[in-house]
Amino acid sequence: MPLPDIFDATVSNAVIQRIEQLQPDMKPTWGTMNAAQMLAHCNVTYEYVFEPSKYKPTPGFIKFMLRLFLKNTVVSEKPYKQNSGTAPDFKVAAQQDFEAEKNKIINYIKLVQQMGRHAFEGRSSHSFGVLTAQEWNNMFYKHIDHHLRQFGV
């Protein structure tokens, strides 16, 4: 069954409404990140797209291995398992500014929706190479949905 379409305004607005329900003191039902760290963690996906200079490029062999062993887990419709591992760039241990991270992810979600599906068709990702718009959708939606569920919203 296809995931909701993050490029659709109704879907992206519903995700934003869920983000707005988050509170800085909410406790996760699994994992160790607090709400601000979780938002910062989710922002990495968008930073790879919109602020790539913050991160080292993925070397070719590593990108090949990621495509071979991890890509399908990240871009498929199958939900993530609780307490799944994460890449080093996504590990957020330091304390974060909840409001800043919340505003940042809301702005990224709005930007993706405004750019539309066509802007992501055939666009290269930081870790997996060229993706279809549907793969981008799955990655964007599935990741934030997974973590919003982690915090009960």
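Start by selecting Lys54, which counts as partly exposed because its relative accessibility is 46%, a value between the limits of 20% and 50% that bound this class. The model on your screen is a predicted one, and this tour moves from a group of charged side chains to the pockets, a cavity and the surface.

**Stop 1: a chain of charged partners**

Keep Lys54 selected and add Glu47, since the two form a salt bridge in which the closest N and O atoms are 3.2 Å apart. Is Glu47 buried or exposed? With a relative accessible area of 4%, Glu47 is buried, because the cut-off for that word is under 20%.

Next, add Lys104, which forms a salt bridge with Glu47 whose closest N and O atoms are 2.5 Å apart. Glu47 belongs to helix H2 and Lys104 to helix H5, so this pair ties together parts of the protein that are 57 residues apart in sequence. Lys104 itself counts as partly exposed, at 23% relative accessibility.

Now bring in Glu51, the partner of Lys104 in another salt bridge, where the closest N and O atoms are 3.8 Å apart. Because Lys104 lies in helix H5 and Glu51 in the loop between H2 and H3, this contact ties together parts that are 53 residues apart in sequence. Glu51 counts as partly exposed, with a relative accessibility of 27%.

With Glu47, Glu51, Lys54 and Lys104 all shown, you can see four residues that are linked in a network of salt bridges. The structure as a whole holds 9 salt bridges.

**Stop 2: the largest pocket**

Select His41, Gly85, Thr86, Ala87 and Phe90, which, of the 45 residues that line the largest pocket, are the closest to its centre. The space in this largest pocket comes to about 1,100 Å³.

To see which elements surround that space, colour helix H2 (35–50), helix H3 (60–69), helix H4 (71–75), strand S1 (124–125) and helix H6 (133–150), each of which supplies at least two residues of the lining of the largest pocket. Which element gives the most to this lining? The answer is H6, which gives 6 residues to the largest pocket. If you then colour by residue class, the lining of the largest pocket divides into 20 nonpolar, 19 polar and 6 charged residues.

**Stop 3: the second largest pocket**

Clear the selection and choose Leu3, Trp30, Glu77, Pro79, Tyr80, Gln82, Tyr141, Lys142, Asp145, His146 and Arg149, the residues that line the second largest pocket. About 200 Å³ of space lies in this second largest pocket, and its lining has 5 nonpolar, 2 polar and 4 charged residues.

**Stop 4: an enclosed cavity**

How many cavities of 30 Å³ or more does a search of the whole structure find? The search finds 1, and the largest cavity has a volume of about 30 Å³. To locate this cavity, select Cys42, Thr45, Tyr46, Met139, Phe140, His143 and Ile144, which line it. H2 and H6 are the elements that give two or more residues to this lining, and the largest share, 4 residues, comes from H6. By class, the lining of the largest cavity has 5 nonpolar and 2 polar residues, with no charged residues.

**Stop 5: a nonpolar patch on the surface**

Switch to a surface view and select Phe61, Ile62, Phe64, Leu68, Phe69 and Leu70, which form a nonpolar patch on the surface and together have about 640 Å² of accessible area. For a closer look, pick out Ile62, whose place is in helix H3. Ile62 counts as partly exposed because its relative accessibility is 42%.

**Stop 6: a loop residue and its distant partner in sequence**

Finally, select Gln96, which you will find in the loop between H4 and helix H5 (98–115). Gln96 has a relative accessible area of 29% and is therefore partly exposed. Add Ala35 and draw the distance from C-alpha to C-alpha: Gln96 and Ala35 are 61 residues apart in sequence, and they are 9.0 Å apart in space.

Technical notes
Residues are numbered from 1 along each chain as its sequence is written. This is a predicted model: local features need pLDDT of at least 70, side-chain atom pairs count only at pLDDT 80 or more; totals for chains, interfaces and linings use all residues. Side-chain values use heavy atoms; hydrogens and water are left out. On a 1 Å grid over the protein atoms alone, a cavity is a set of points where a 1.4 Å probe fits but cannot get out, and a pocket is an open set with protein on both sides within 12 Å along at least five of seven lines; lining residues have an atom within 4 Å of a point. Grid points are joined across faces, edges and corners, and a volume is the space filled by probe spheres set on the points. Ala, Val, Leu, Ile, Met, Phe, Trp, Tyr, Cys and Pro count as nonpolar, Asp, Glu, Lys and Arg as charged, and the others, Gly among them, as polar. Patches are made of residues with over 30% relative accessible area and no salt bridge: like charges are joined within 9 Å, nonpolar side chains (Val, Leu, Ile, Met, Phe, Trp, Tyr) within 5 Å. Accessible areas come from the Shrake-Rupley method with a 1.4 Å probe; for residues, only the protein chains shown count as cover. A salt bridge is a side-chain nitrogen of Lys or Arg within 4 Å of a carboxyl oxygen of Asp or Glu. Buried means under 20% relative accessible area, exposed over 50%, partly exposed in between (1.4 Å probe, protein chains only).
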